[in-house]
Structure formats: C-alpha cells, structure tokens
Amino acid sequence: MNRPLFSFLSAVILTAVLSLWVDHAQGQEVALTPMQATEVARGYRAEGLKIKPVVNDKNETIGRISDFIFGKDGNIYVVLAVGDFTGVGGHLVAIPFRSLKLDDPNGDIVLPGASRAALEKLPVFLSSR
C-alpha cells in the first residue's frame, strides 16, 4: 500500500472513531424538579457559613470555617481555623461537614462535643492543591 493512501485511510478511520467518541462524550442536560429547587433554596451558601463563628455545645467559640474540601468519594469536609477568629490562619484541621450542626436557634454553627484544645491536637491540614 502506498504511503499517501495509508495516511488518508488512517485519517478517515481516526475521524470516524473521534466522531463516535465526541457524540458519546457530550454533556447531559440536568434539570431540577420544583421540589429539588426548593430544597436547594433552603440550603446554605459556603460564603455565608465562612463568616459565622463555629462554637461548641457550651457556646464557646472554637474557630471559623476556612475552606471546604469536596472529596473524590463524594464526602464533604470543612477546613476549620481553630483559635483564629478571622478564619485566615490558626491551626487548620479538616473535619467531616456532617459533624456540624447548622440549624442552631442562635444562628451559630455548632460542632457538638468539640473543644479548642481537642481540635488543636488533631493533625494540621495541609492542602496539596
């Protein structure tokens, strides 16, 4: 087989394979039902949570949310700045988001059973990204 014809056939085959792959890889439309939209609207904005103090169940301020980490496994973690009430520095620790109580009557974010001393004993959170 001569080289120009071989190159042409390779290009045609590659184009056909890529067009099938592109059709398969197109995004799917995601729609919210009215019920889901209502539930989303009742949720919490990340920036809104970051400005509130995190307290324990004794109403002692133990820190502020510095960041959120969305795990590849679907879990959500909170990076908590312990002992620094600006949320910028302090001892950073990662805790599961589900550990927080967001519906406190005082409007605080509560980490039940926690103390600043206990959180400061946790390993420091270091981000690689």
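Let's start at one residue and work outwards: Val 110 is buried, with a relative accessible area of 8%. Here buried means under 20% relative accessible area, exposed means over 50%, and partly exposed covers the values in between, with a 1.4 Å probe and protein chains only. Please keep in mind that this is a predicted model, in which local features need pLDDT of at least 70, side-chain atom pairs count only at pLDDT 80 or more, and totals for chains, interfaces and linings use all residues. Residues are numbered from 1 along each chain as its sequence is written, and side-chain values use heavy atoms, with hydrogens and water left out.

Where does Val 110 sit? Val 110 belongs to strand E5, residues 109-110. Strands are DSSP runs of E with at least two residues, helices are runs of H or I with at least four, and both are numbered from the N terminus. Leaving aside neighbours within four places in sequence, Val 110 is in contact (heavy atoms within 4.5 Å) with Val 55, Asn 56, Asp 57, Ser 99, Leu 100, Lys 101 and Asp 104. The C-alpha atoms of Val 110 and Val 54 are separated by 5.7 Å, although these two residues are 56 residues apart along the chain.

Now step back to the whole chain. It has 4 helices and 5 strands, and reading along the sequence gives the pattern α-α-α-β-β-β-β-β-α. Of the 129 residues, 22% are buried. Among the contacts with a separation of 6 or more, 39% are between residues 24 or more positions apart. The chain exposes about 9,700 Å², and carbon and sulfur atoms supply 60% of that area; the accessible areas come from the Shrake-Rupley method with a 1.4 Å probe, and for residues only the protein chains shown count as cover.

Next comes the sheet. Strands of a sheet pair through backbone hydrogen bonds, either parallel or antiparallel. In this model, 5 strands form an open sheet in the order E4-E3-E2-E1-E5, with mixed pairing. The edge strands are E4 (91-96) and E5, each of which pairs on one side only. Two strands count as paired if DSSP finds at least two bridges between them.

We can walk across the sheet from the E5 side. E1 and E5 pair in the parallel sense over 2 bridges, and Val 55 stands opposite Val 110 in E5. E1 (residues 53-55) also pairs with E2 (residues 61-70), this time in the antiparallel sense over 3 bridges. In that pairing, Gly 63 in E2 is the bridge partner of Val 54. E2 and E3 (residues 76-82) are antiparallel too, pairing over 7 bridges, with Phe 70 opposite Ile 76 in E3. Their hairpin has 5 residues between the strands, and Gly 74 takes a positive phi near 95° there. Finally, 6 bridges join E3 to E4, which run antiparallel, and Ala 81 stands opposite Leu 92 in E4.

E4 is a nice place to look at side-chain directions. In a regular strand the side chains alternate between the two faces of the sheet. Along E4, His 91, Val 93 and Ile 95 point to one face and are buried, while Leu 92, Ala 94 and Pro 96 point to the other and are not.

Back at the other side, the loop between E1 and E2 deserves a visit. Asn 56 is found in this loop and, at 3% relative accessibility, counts as buried. A polar atom of the Asn 56 side chain lies 3.0 Å from the backbone oxygen of Ala 114. Not counting residues up to four places away in sequence, Asn 56 touches Ile 62, Val 110, Leu 111, Ala 114 and Ser 115. Is Asn 59, in the loop between E1 and E2, buried or partly exposed? At 48% relative accessibility, Asn 59 counts as partly exposed. Its phi is near 65°, a positive value in a residue other than glycine.

One last stop is in helix H3. The count comes to 1 salt bridge, defined as a side-chain nitrogen of Lys or Arg within 4 Å of a carboxyl oxygen of Asp or Glu. Lys 50 forms it with Glu 47, the closest N and O atoms being 4.0 Å apart. The two residues are separated by about one helical turn, because they are 3 residues apart in H3 (residues 46-50). Lys 50 is partly exposed, with a relative accessible area of 26%.

Technical notes:
Polar contact = N/O pair within 3.5 Å; in protein donor to acceptor, adjacent residues only side chain to side chain.
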